[in-house]
Amino acid sequence: MARLKILKFGEPTLRKTARPVEEITPRIKMLIDDMIETMRHAGGCGLAAPQVGVLRRIAVIEVEEGTVYELINPKIIMYSGEQHEQEGCLSNPGEYGYTKRPMHVTVRAMNRDGETYELTGEGLLARAICHECDHLDGKLYIDVETDRA
Ligand code: ZN
């Protein structure tokens with residue numbers, strides 16, 4: 001496994017739309033492994049492929065230590081409720097801002113074995129799912145509407 005360089009806010013790649021993964025090749029699996037290592041080393045709870053310069057619809061999330069979710073071609077299929085919390089991003093180290101996010105989110109995605117699964121998250125996990133899915137569309141947390149200053 002290898003640690004990848006995390007792009008910072010201002011890099012044009014972070015504003016681009018990522019392409020779906022059509023086939024889960026060994027290269028894609030290696031990328032996922034590297035993303036997990038990179039996320040952990042940086043002390044984050046989520047990382048999306050565009051943040052490491054790869055415009056593919058892949059994200060990893062680890063809100064609870066030891067439980068890693070791999071999301072390939074994720075799509076949010078349900079959301080409800082509301083939360084206003086501070087959010088940060090590994091591409092914007094040391095900075096935090098309030099965002100308005102749904103309290104509950106269900107996402108449908110593939111794992112590295114190509115199996116489709118659904119993941120429902122609440123609170124921090126719901127935020128992480130939204131945050132990482134946004135990255136795949138070139139959207140950053142600083143774009144997200146907030147009711148607070
Ligand atoms: Zn981020």
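Q: Which elements each supply at least two residues of the lining of the second largest pocket?
A: Quick ground rules: this is a predicted model, so local features need pLDDT of at least 70, side-chain atom pairs count only at pLDDT 80 or more, and totals for chains, interfaces and linings use all residues. Numbering runs from 1 along each chain as its sequence is written, and side-chain values use heavy atoms, with hydrogens and water left out. Elements here are DSSP runs numbered from the N terminus (helices H or I, at least four residues; strands E, at least two). The ones you want are β3 (67-80), β5 and α2.

Q: Which of these gives the most to that lining?
A: Lining residues have an atom within 4 Å of a pocket point, and a pocket is an open set of points on a 1 Å grid over the protein atoms alone, with protein on both sides within 12 Å along at least five of seven lines (a cavity is where a 1.4 Å probe fits but cannot get out). With four residues, the top contributor is β3.

Q: Which element gives the most to the lining of the largest pocket?
A: Here the strand β3 isn't the answer; a helix is. Contributing five residues, it's α2.

Q: Which parts of the chain does the salt bridge between Arg101 and Asp134 tie together?
A: A salt bridge puts a side-chain nitrogen of Lys or Arg within 4 Å of a carboxyl oxygen of Asp or Glu, and in this one the closest N and O atoms are 2.9 Å apart. Arg101 and Asp134 are 33 residues apart in sequence, so the pair joins strand β5 to helix α2.

Q: Is Arg101 buried or exposed?
A: Buried means under 20% relative accessible area, exposed over 50%, and partly exposed in between (1.4 Å probe, protein chains only). Its partner Asp134 comes in at 15%, which makes it buried. Arg101 has just 5%, so it is buried.

Q: Which protein atoms are the donors of the zinc ion?
A: Donors are N, O and S atoms within 2.8 Å of the metal (3.2 Å for Na, K and Ca), and sites may look incomplete because water is not among the atoms. These lie 2.0 to 2.2 Å from the zinc ion: Cys89 (SG), His131 (NE2) and His135 (NE2).

Q: What spacing do the donors of the zinc ion follow along the chain?
A: Cys89 and His135 are both buried. Along the chain, the donors of the zinc ion follow C-x41-H-x3-H.
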